Amino acid sequence: MYDIIVFGATSFVGRILVRYLLDRHGAADGGLRWAIAGRSAPRLEALKAEFGTPSLATIVVDAADEAGLRQLCHGTRVVISTVGPYALYGETLVKVCADTGTDYCDLTGEVQWIRRMIERYSAAAAASGARIVHCCGFDSIPSDLGVWFLQREARKSFGKSCSRVKLRVKAMRGGFSGGTVASLLNVVKETRANPALRKELANPYSLCVGSAVKGVRQPSGATVALDADFRSWIAPFVMSGINTRIVHRSNFLQSHSYGSDFVYDEAVLTGRGWRGRLAATATGAGLAAFMVASSIGPVRTLLERYVLPKPGEGPSPIQQERGFFDLRLFGRTSDGRTLRVKVTGDRDPGYGSTAKMLGEAAVCLAFDVSRAEVAGGFWTPASALGEKLLSRLHAHAGLGFERQDD
């Protein structure tokens, strides 16, 4: 009955995504047949009334209702899930999609949950033909497709991939929503409850499930340093923990097309001289202090109650409109040839831009990539959608991927 169903349509990101799909495709009259779903009928109806779309189809189902989710999946080609934290609310839908052969994408950044889903349901997805694509938002499309684009350009120019790639955040404006904060804090809680998880989260190859390649040593991403290739001080980037794992999984799924000795890391550029060093030190210390504070139960409770945004809260429409990101990638081949790439987005990275990325990824999965091209299984945006998604993001989502020759 539908090409796409947005599950969790009344969540913070879900609402932005629904608005984007309405602007791009309309409620029901265009080429895209789609519907919204969630656990609350009144909230779904209120969303339709707010957007003036009474004809938009709605489905009421809870994230824990396996029978209801199975019925939902039988009625669509692709499900988009914005229901997080995914470690708390996301597994049943992934299970049902894998069982029924329904394609799926989301915007999770929860490494430990993604690994569990791969381990538990990859065989079912391969058997049914379901293509499961996690991380279709700011984490991790700009990183994943940015590296994919750089490596494509390297092979064109040099006849080989770059064995060393760096991503650096040059500039970014955006905020956090309550849903993102809840997902981050849930990872902290899981780590406290299961100390073995800390070792898994520290493994850069944690998502290369079943890989026979041990891999080479990777940068930790937790240090303050002077980066000679960018002539700037660098500080830890909060998203690197998920992005680097997705990039390494893309390399794994593409038969190590980036090389078995591929090294990758991400950081924030803070500038030159003593000011840059001071900014890098402050950024690193601030991030470390937050992680320590959030790991202490009483302090975490105070942060949740009085400081951090609540679920459903986040950047205002004006803040989303004024947001942006500017990422720079540097690649070097094993024989010393170099290449630079610029990746940009025109909205708040985690919300305004993420909604557009997620919407285009789902449409790409529904219409552009056949089962003959991409079989059932757990994929990354680059390994499943590659060039076709990059073209859609260029044309419709305000993302730019540009080569910058020295």
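**Salt bridges, a surface patch and a cavity**

Guide: In this predicted model, the side chains of D99 and R70 meet in a salt bridge, with 3.4 Å from N to O.

Visitor: Why is the contact between D99 and R70 called a salt bridge?

Guide: A salt bridge requires a side-chain nitrogen of Lys or Arg within 4 Å of a carboxyl oxygen of Asp or Glu. The N to O value for D99 and R70 is 3.4 Å, so the pair qualifies. D99 belongs to helix α5 (residues 91–100) and R70 to helix α3 (residues 66–74), so the pair ties together parts that are 29 residues apart in sequence.

Visitor: What makes D99 and R70 partly exposed?

Guide: Buried means under 20% relative accessible area and exposed means over 50%, with partly exposed in between. D99 has 36% relative accessibility and R70 has a relative accessible area of 26%, so each is classed as partly exposed.

Visitor: How do you know that E50 and R15 form a salt bridge?

Guide: Their side chains meet at 2.4 Å, N to O, and the limit is 4 Å, so the pair counts. E50 lies in helix α2 (residues 41–51) and R15 in helix α1 (residues 12–25), so parts 35 residues apart in sequence are tied together. R15, with a relative accessible area of 28%, is partly exposed. By this rule the count comes to 34 salt bridges.

Visitor: Which parts of the chain does the pair K166 and D229 link?

Guide: The side chains of K166 and D229 meet in a salt bridge of 2.6 Å, N to O. The pair links distant parts of the chain, 63 residues apart: K166 is in strand β7 (residues 164–173), and D229 is in the loop between β8 (225–227) and β9 (232–235). Both residues are buried. They also belong to a network of salt bridges that links R164, K166, R168, D227, D229, D265 and R332.

Visitor: Which residues make the nonpolar surface patch of about 220 Å²?

Guide: The patch is made by V292, I296 and V299. V299 lies in helix α12 (residues 297–307) and, at 30% relative accessibility, counts as partly exposed.

Visitor: What lines the second largest cavity?

Guide: The search of the whole structure finds 2 cavities of 30 Å³ or more, and the second largest holds about 40 Å³ of space. Its lining includes I114, I118, H134, F378 and W379. The elements giving two or more residues to this lining are α6 (111–128), α10 (240–253) and β13 (377–379). By class, the lining has 6 nonpolar, 2 polar and 1 charged residues.

Methods
Residues are numbered from 1 along each chain as its sequence is written. This is a predicted model: local features need pLDDT of at least 70, side-chain atom pairs count only at pLDDT 80 or more; totals for chains, interfaces and linings use all residues. Side-chain values use heavy atoms; hydrogens and water are left out. Patches are made of residues with over 30% relative accessible area and no salt bridge: like charges are joined within 9 Å, nonpolar side chains (Val, Leu, Ile, Met, Phe, Trp, Tyr) within 5 Å. Accessible areas come from the Shrake-Rupley method with a 1.4 Å probe; for residues, only the protein chains shown count as cover. Helices (H or I, at least four residues) and strands (E, at least two) are DSSP runs, numbered from the N terminus. Buried means under 20% relative accessible area, exposed over 50%, partly exposed in between (1.4 Å probe, protein chains only). On a 1 Å grid over the protein atoms alone, a cavity is a set of points where a 1.4 Å probe fits but cannot get out, and a pocket is an open set with protein on both sides within 12 Å along at least five of seven lines; lining residues have an atom within 4 Å of a point. Grid points are joined across faces, edges and corners, and a volume is the space filled by probe spheres set on the points. Ala, Val, Leu, Ile, Met, Phe, Trp, Tyr, Cys and Pro count as nonpolar, Asp, Glu, Lys and Arg as charged, and the others, Gly among them, as polar.
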